[in-house]
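Please examine the protein shown below. A short exchange between a student and an author then follows.

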Amino acid sequence: MLLIPCPHCGPRDESEFVYGGATRAQPALDGKTTVQDWQIALHQRTNPRGPIEELWFHSGGCETWITVTRDTLSHQFSDAP
């Protein structure tokens, strides 16, 4: 069981959340982005060891998307994303 720190509701059980994935940079929307740039951004993800920023949707609570930092080795959440 993970306790996810919701900034609005306080620590809550992971069953109240929907995982949105790791945060990642998106290509610029300037008209110069190639199909290959989008291919890499959308489909090639890393699998890092250690702290990563993740998106979680608090569906069983305040119904907001939150960004948290979780260590992928220990599953511990830090205070700041």
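**Pocket, sheet and core**

Author: β3 gives the most to the lining of the largest pocket, with 4 residues. Strands are DSSP runs of E, at least two residues long, numbered from the N terminus. The model is predicted, so local features need pLDDT of at least 70 and side-chain atom pairs pLDDT 80 or more, while totals for chains, interfaces and linings use all residues. Residues are numbered from 1 along each chain as its sequence is written, and side-chain values use heavy atoms, without hydrogens and water.

Reader: Which strands each supply at least two residues of the lining of the largest pocket?

Author: A pocket is an open set of points on a 1 Å grid where a 1.4 Å probe fits, with protein on both sides within 12 Å along at least five of seven lines; lining residues have an atom within 4 Å of a point. The lining has 16 residues. At least two of them come from each of β3 and β4.

Reader: In what sense do β3 and β4 pair?

Author: Two strands pair if DSSP finds at least two bridges between them. β3 and β4 (residues 51-57) have 4 bridges, and Val-18 stands opposite Phe-57 in β4. The sense of their pairing is antiparallel.

Reader: Which strands each supply at least two residues of the largest nonpolar core?

Author: A nonpolar core is a set of buried (under 20% relative accessible area, 1.4 Å probe, protein chains only) Ala, Val, Leu, Ile, Met, Phe, Trp, Tyr and Cys residues joined through side-chain atoms within 4.5 Å. The largest has 8 residues, including Ile-4, Trp-56 and Ile-66. The strands asked for are β1 (3-6) and β5 (65-71).

Methods. Buried means under 20% relative accessible area, exposed over 50%, partly exposed in between (1.4 Å probe, protein chains only).
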